[in-house]
Each structure stands twice: as structure tokens, then as C-alpha cells.
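Here are my notes after going through the model you sent over. Have the viewer open while you read, and take the points in any order you like.

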Amino acid sequence: MDHQPKFFENLSGTGKAIGVLTSGGDAQGMNAAVRAVVRMGIYVKAKVYFVYEGYQGMVDGGDNIVEVSWESVSSILQVGGTVIGSARCKSFRTREGRLQAACNLVQRGITNLCVIGGDGSLTGANLFREEWSGLLEELAKKGKIDQEAVKKYAYLNIVGMVGSIDNDFCGTDMTIGTDSALHRIIEVVDAIMTTAQSHQRTFVLEVMGRHCGYLALVSALACGADWVFIPEYPPEEGWEDLMCVKLSENRARKKRLNIIIVAEGAIDCHNKPITSEKVKDLVVQRLGFDTRVTILGHVQRGGTPSAFDRILASRMGVEAVLALLEGTPATPACVVSLSGNQSVRLPLMECVQMTQQVQKAMDEGRFIEAVRLRGRSFENNLNTYKLLSQKKPDAELPKSNFNVAVLNVGAPAAGMNAAVRAAVRVGITEGHKMFAVIDGFEGFAKGKIKEITWGDVGGWTGQGGSILGTKRTLPAKYLEKIADQMRTNNINALMVIGGFEAYESCLHLREARSRYVEFCIPICVVPATISNNVPGTDISIGSDTALNAIVETCDRIKQSASGTKRRVFIIETMGGYCGYLANMGALAAGADAAYIFEEQFDIRELQANVEHLTEKMKTSIQRGLVLRNENCNENYTTDFIYQLYSEEGKGVFDCRKNVLGHMQQGGAPSPFDRNFGTKISAKAMQWISKKLVETYRKGRVFANTDDSVCLLGMRRRTLLFQPVAELKNETDFVHRIPKEQWWLKLRPLMKILAKYKTSYDVSDSGQLEHVAMHSPKEAETGTI
């Protein structure tokens with residue numbers, strides 16, 4: 001896309017005042033949003049005010065509306081909840097209350113409001129905006145403000161950010177707090193699984209979601225739950241028998257535990273509530289299983305925000321300030337949100353209306369419509385869950401007579417096992433015989449290949465690393481042996497789950513087709529690497545887990561630094577030559593600088609960073625955090641930077657260094673990686689099935705076109721199959737990274753939030769879009 005970059009420098013906030021408030025239920029990540037609004041606002045020379053205790057504080061005025069400085073939002077990035085407080089406010093629902101709120105804002109010259117909350121809070125803000133000029137006229141009549149103030153503050157700009165752990169707001173893929181709530185749920189599920197297994201128990205878990213089943217659905221998908229109850233998709237008549245049959249079948253297959261997840265708003269098809277207690281009693285009475293109920297409650301709202309929520313909230317906060325600066329009386333109140341990995345602006349009331357339509361559809365029993373209105377992401381989650389949770393009886397399965405092999409290549413990445421599980425189960429559902437290759441292409445050459453069944457992959461979603469085993473070895477030197485094995489086992493298609501090596505391997509196999517007819521089969525690469533350095537995709541399986549590991553460690557290090565004062569930590573991250581982990585880790589951890597290979601730096605920049613930190617030590621924030629990608633520069637090593645900082649900072653601050661190492665590769669996969677791995681792999685297997693049918697001629701599979709060796713990646717807002725041959729031009733093979741990387745656009749964001757002067761290209765933002773209704777067909781092809 002060739003466009004003239006548009007920079008925000010010509011958007012000045014001089015003379016403008018922005019008020020930021022959090023309202024409704026709290027959500028992890030709200031503080032990151034508040035921090036971004038404050039710092040971006042101050043950066044563009046606007047005045048920024050905290051409005052404490054939500055709308056109540058706006059009505060009460062006084063000390064509840066306070067001008068803030070850069071340091072006011074220091075050290076809040078990693079704190080859950082909201083530091084500025086949130087309260088339900090009855091008086092703001094009355095015109096009298098709104099009149100008082102308007103008076104309090106006008107007295108401070110605030111005509112820009114950034115509201116972080118759910119749909120109720122945002123609807124209230126929109127009503128306030130519509131009444132604004134009338135409220136000012138009334139205040140002037142009562143003599144509380146003069147006519148000049150009425151003219152000067154003639155219109156109110158409103159931008160909303162959705163902070164809600166339920167992810168119940170239409171128009172946005174993820175609301176602030178949802179990912180963190182999933183982290184809390186999955187932590188509990190992982191812990192419960194070990195105890196349930198010890199005693200052969202059934203656990204019924206109740207999660208939040210009074211009107212929206214997102215948390216229940218995604219956590220069921222992420223832990224491979226046996227059954228899930230959500231308000232949008234009530235079970236069919238006679239579900240009690242079906243569920244009990246399924247639970248007892250699983251026990252008969254030697255599965256030692258059952259997990260059932262219930263959303264607190266779950267209902268049956270007659271709109272009657274289904275409670276966790278009801279489900280427990282049913283299992284005990286019908287099956288006699290030892291069953292326990294765990295209600296997670298407010299645990300889901302608590303704890304520190306995940307890396308995803310911090311980055312999401314920081315991006316949204318900056319975007320919100322830009323939207324306020326560009327606002328005119330004609331601009332409708334908007335919500336800044338995320339679609340794929342793109343930030344978008346949507347008309348607030350369109351989103352609210354669609355959210356209300358979902359509830360109406362549910363109340364009227366139009367459940368299929370309710371699922372569709374929730375959006376493509378929700379619909380895909382539901383379809384994938386249905387596909388993977390229940391095995392059809394063998395007699396009902398189609399027989400395709402195709403053999404499909406799955407293997408892992410490259411370094412281990414959390415989420416690989418979830419991807420293998422999804423591939424195996426979807427493959428079996430499509431009628432294929434599935435084979436697992438042990439230890440990558442090296443194992444393939446040695447004949448380490450065996451059939452893998454539905455039950456073999458049970459419980460794999462939560463396992464870190466690679467259960468199949470993985471090697472970095474490329475197939476080039478084993479081509480003949482691999483071709484032999486493919487002939488011996490009659491392999492008709494290949495799914496390769498891994499990082500840059502997986503992509504490179506498939507290029508080798510494609511090039512070897514002229515010599516070995518065995519490689520003329522459909523081949524699909526599913527990107528899985530913590531480095532996120534695979535061309536053709538914006539996100540790889542495993543990178544979210546690694547990012548969370550980095551951010552968690554940075555939090556601890558920052559805590560130790562604030563205890564000792566005047567200390568700077570230099571932290572080395574993995575990633576090969578790709579700076580994704582260092583850059584995004586720095587954004588999520590609130591670092592002062594991140595050194596990466598993609599943005600060359602010299603001694604002058606290092607010197608400038610030291611001076612910046614020296615200035616910082618004069619303020620109340622007396623600690624520093626610097627991230628360095630392991631291969632960002634062969635001469636400016638971690639040791640060199642540590643020594644330089646130690647020498648230059650003598651007498652002002654002292655220095656420590658920390659190499660995070662393989663800790664970034666291990667650990668249980670994050671909810672995002674489990675979910676992403678499951679969905680992307682299921683989609684890849686469906687593509688393989690389609691290709692097998694297309695290329696089956698005269699009793700055998702023969703695929704030799706470029707579009708039969710593809711990589712499935714997420715690009716901006718959609719999942720795309722791209723021929724690996726076409727991706728060659730986009731690849732820097734020497735440094736094993738894509739030539740263009742989307743996240744580099746977020747680099748200025750990190751610098752702005754760390755108080756550096758920089759240029760920020762805002763060409764992609766600023767367009768107000770409309771909330772799109774999608775057709776059922778789109779759910780199969782569209783976003784994740």
C-alpha cells in the first residue's frame with residue numbers, strides 16, 4: 001500500500017484539555033490505557049485530567065477532577081483494576097446530575113473525554129455529548145457560567161475504549177481485560193486438572209459472562225473441556241442424556257477427568273438458567289461420578305494484566321488521543337478498537353446498538369442470529385469447539401483413504417501441541433488416517449512415523465514445548481530417505497508446524513518436486529515460533545507465551561529496581577535477528593529503550609539513551625529498563641552496553657544485566673497461543689482436505705503447482721493461504737526475517753510513552769469505519 005505517511009506532529013493539543021475516566025466494572029489493562037492517554041496527551045501539549053470514581057467523580061467535582069503529570073502514571077502499567085477508581089453512578093442518569101458534571105468540566109476547560117468502560121458507560125457518554133450544548137445554555141441561564149464559556153466550549157468530543165473482561169461489545173475483536181481474564185481461568189483449569197486426574201473427578205467450572213459466553217467458550221477451547229454451556233448457544237433438547245453419554249464414553253477411553261465449563265448466564269433452549277449446581281447434581285445422579293464445583297468469581301477480574309492487554313490498551317490509548325485531537329462537532333462519538341491487529345475507529349452508537357441486538361435475539365430465542373451478531377471471531381471459536389470436542393462414531397465418519405502426516409520443525413514453541421491436536425482431530429473428522437512424525441525431518445528420514453488417533457492427543461492443549469519432538473534439521477540432506485518413507489507409508493499430504501525452518505523446509509520440498517514425485521502433494525506450513533520471524537504472517541504460535549514470560553520477568557526486575565532506587569536493568573531477549581520480542585516486550589513492560597537489529601543504532605544513540613536515563617533519575621521515577629535483542633548488533637553486545645551504561649552513569653545510577661535465555665521458550669502456552677494454534681491448525685487441515693480432493697487423479701494425488709505448498713498466516717485482519725514460492729521475495733534469508741514487519745510501526749509508540757521525541761506515522765488510523773454485519777459464509781473464511 002503506497003501512501004504518503006501522515007505524521008501526528010501537526011496535530012497539536014495546545015489549549016485543549018482531556019479528561020480520562022474509568023467506569024463500570026473494572027478490567028485488567030485499564031491502567032495501561034489511562035497511562036497511554038495521559039502520556040500521549042501531555043506529549044501533544046494538551047492538559048490531561050484524571051476524573052476519579054467514574055461519572056460519580058464528574059458529578060461531585062472538587063478533588064475528583066485533577067490535572068496530572070507524566071509521573072502520575074508511573075508504575076501503574078502492571079497493576080490490575082483501575083487506579084482512578086470506578087463507581088456505579090445513579091445521579092449521572094438524571095439530567096440534574098449531568099448538568100452538574102458539565103459545570104465541573106467547563107470550569108476546568110475540559111471538552112474532550114476519554115471514557116474507558118462497558119456499553120452502559122459509553123451510552124451514558126454519548127447522551128452527555130448530545131445534551132452538551134443544551135446543558136451549557138441552562139448553566140448560563142442559571143448564571144453558573146458566562147456566554148463566552150458557552151461559545152468557547154461549544155461542543156464535547158468523546159472517544160470510548162471498551163474495558164470489559166466479558167468481551168461482550170460488538171465491533172471489537174478483543175476488549176481490554178478479556179485476555180487477562182482468560183489467563184486467570186486457564187491458570188485455575190491447569191491447576192484443577194492435576195488434582196482431578198489424581199482422583200478421577202469431574203469438575204464443573206463456573207466463569208463470568210452474564211450475557212456473553214466468550215470467556216466460557218474460549219477457555220473450553222483452550223483446555224479441551226468436555227462440555228460448555230453459553231447463553232448464545234443453548235444445548236438442544238435432551239442435552240442431559242447426550243452430555244452423560246459423552247462423559248461416560250470419555251471415562252471408558254481411560255480419560256481420568258472431565259471438565260465442564262458453565263458461563264454464569266448459561267440457559268437452555270427455553271431460556272431457563274443452567275447453573276453449575278444443576279450440572280453437578282445431574283452428573284452425580286446419573287453417572288455417580290465424584291463431582292466438584294468451582295466458581296471462579298472475581299478472581300477473573302484480578303491480577304496483573306497480560307502482555308496482550310497492556311499492548312492493546314497502550315495502542316488504544318494513543319489512538320484515542322489522536323481521535324480526540326481530530327474530532328470536530330460533526331464527528332460522531334467513536335470507539336477505538338482492534339480488528340485483527342489493526343486499530344480501527346467505529347461509531348460508538350452503532351456498536352452499542354449491535355450489542356443490544358444480540359441480547360434481543362437471545363431473549364427472543366433467535367440463537368443462531370445471536371451467534372452471528374457476536375462477530376466472526378466468536379462464530380469461528382464456536383465452530384472450532386464443536387469440531388474438536390466430540391468424536392463422531394467410526395461408522396459416521398467419512399472414509400477418504402488419504403494419509404496425512406503432521407510434524408514439528410525448528411525450536412519448540414508453546415502452542416505447538418494444541419496445533420497438532422487440532423490437526424489430528426480435524427483430519428480424523430474429515431476421514432483421513434493421521435500420522436505423527438517424531439523429531440522433525442530427521443526423524444522422518446529414520447522412519448520415526450506412527451499412526452495417531454483421536455484419544456492420543458487428549459489433554460495436549462495445555463502442554464508446553466513439543467510432545468512430538470522437534471529438530472532444526474532441514475530436509476535437504478535427507479530428501480531421498482524422506483521420499484522413501486513417504487512412499488512406504490503412502491503419505492498424501494503434509495502439515496509442517498514450526499518456525500523459519502518449517503518455511504524453509506517446505507521451499508526445499510517444493511524445489512525437489514522435479515526429482516521426487518513423492519513431494520507432489522499438498523503441503524501446508526503453520527507458523528509456530530517464539531521469534532515471530534516467519535514471512536507471510538503477523539503473528540506466530542508461541543510468541544504470545546514468550547512475550548508474557550518476558551513481561552513477567554521485567555515486572556519483577558522493575559520491582560527490585562524500585563526498591564534499590566537509581567538502578568538501570570539491561571535485559572537480553574531471544575528472537576534471532578527479529579526484534580519482535582524485544583520491541584513488544586518493551587512496550588508491554590514500560591521500558592525506556594529497546595535495541596533491535598531492524599533499526600540500526602550507533603554510539604550517539606546509546607549516549608542519548610544514557611542522558612535520557614540520567615534526566616529520569618532526577619524525577620521521582622528512579623529506575624530504568626532497557627531491552628536488547630540478542631543479535632541486534634555484533635559489536636554492541638549486552639556486556640558492552642552494560643559496561644557503557646555503568647561507566648557513563650557513574651554517580652547517577654548503577655547497572656545490572658539479565659539474559660533471559662531459554663525461559664522464554666518453555667512454560668505452559670498462554671490462552672492466546674492455545675486458541676490461535678487450535679484455530680489456525682484446524683483451518684490448515686480443512687485446506688489440506690480441499691486440496692487432496694482437487695488433486696486426486698487416476699487413483700493418486702498429484703499436486704505440482706505453487707499453490708499446493710502454502711503457508712497459512714494472519715495478515716492484518718484475515719487468515720490467508722500464501723504459496724511459499726511467492727513469499728521468497730518478501731524474505732531476508734541471511735537474517736531469517738521478513739523484509740517488512742508490521743510491528744515496526746509501533747516502535748514510536750514505545751518511545752513516546754518513554755518520553756522520547758519521535759515521529760509517528762498515523763496514516764493507518766483516523767478513518768471512521770462502520771460496524772460490518774457479516775454473512776455466515778464469511779465466518780468460514782474470515783478472521784480468526
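**Notes on charges, cysteines and contacts**

1. Start with Asp439: this residue counts as buried, at 17% relative accessibility. Asp439 still has a charged partner, since its side chain meets that of Lys448 in a salt bridge, 2.9 Å from N to O. Lys448 itself is partly exposed, with a relative accessible area of 35%. Keep in mind throughout that this is a predicted model.

2. Salt bridges also link up into something bigger than a pair. Arg95, Arg98, Glu131, Glu138 and Lys142 are joined into one network by salt bridges that share partners. Inside that group, Lys142 pairs with Glu138, and their closest N and O atoms are 3.7 Å apart. That distance still makes the list because the cut-off for a salt bridge is 4 Å. As for cover, Lys142 is partly exposed at 46% relative accessibility, and Glu138 is partly exposed as well, with a relative accessible area of 24%.

3. Another pair to click on is Lys360 and Glu364, whose side chains form a salt bridge at 3.4 Å, N to O. Lys360 has a relative accessible area of 47%, which puts it in the partly exposed class. Glu364 is also partly exposed, at 46% relative accessibility. For the overall tally, a search of the whole structure turns up 41 salt bridges.

4. How many disulfides does a search of the whole structure find? The count is zero. As a reminder, a disulfide is a covalent bond between the sulfur atoms of two cysteines. Take Cys710: its sulfur is 6.8 Å from the closest cysteine sulfur, the one in Cys524, and that is too far for a bond. The cut-off used here is 2.5 Å between the sulfur atoms, so the Cys710 sulfur has no partner within reach. Cys710 counts as buried, at 3% relative accessibility.

5. Cys520 tells a similar story. Which cysteine sulfur is closest to the sulfur of Cys520? The one in Cys506, but at 14 Å the two are too far apart for a bond. Cys520 is buried, with a relative accessible area of 3%.

6. Now for the surface. Arg88, Lys90, Arg93 and Arg210 form a positive surface patch. One of these, Arg93, sits in the loop between β3 (65-67) and α3 (95-107). Is Arg93 buried or exposed? Arg93 counts as exposed, because its relative accessibility is 69% and the exposed class begins over 50%.

7. Gln28 is one to look at in the loops. Gln28 lies between β1 (17-22) and α1 (30-43), and despite the loop setting this residue is buried, with a relative accessible area of 0%. Where Gln28 meets the rest of the chain, consider Thr304: the two are 276 residues apart along the chain, yet their C-alpha atoms are separated by 6.6 Å.

8. Set against that, try Ala589, which belongs to helix α19 (residues 580-589). Ala589 is buried, with a relative accessible area of 0%. Paired with Val371, Ala589 is 218 residues away in sequence and 36 Å away in space, C-alpha to C-alpha.

Definitions and conventions: Residues numbered from 1 in each chain as written. Predicted model: local features only at pLDDT ≥ 70, side-chain atom pairs only at ≥ 80, totals over all residues. Heavy atoms only, no water. Patch = residues over 30% accessible without salt bridge, like charges linked within 9 Å, V, L, I, M, F, W, Y side chains within 5 Å. Areas by Shrake-Rupley, 256 points an atom, 1.4 Å probe, with all protein chains shown as cover. Lys, Arg positive; Asp, Glu negative; His and termini not counted. Charge placed at Lys NZ, Arg CZ, Asp CG, Glu CD. Helix = DSSP H or I, 4+ residues; strand = E, 2+ residues; numbered from the N terminus. Buried < 20%, exposed > 50% of the residue type's maximum accessible area, 1.4 Å probe, protein only.
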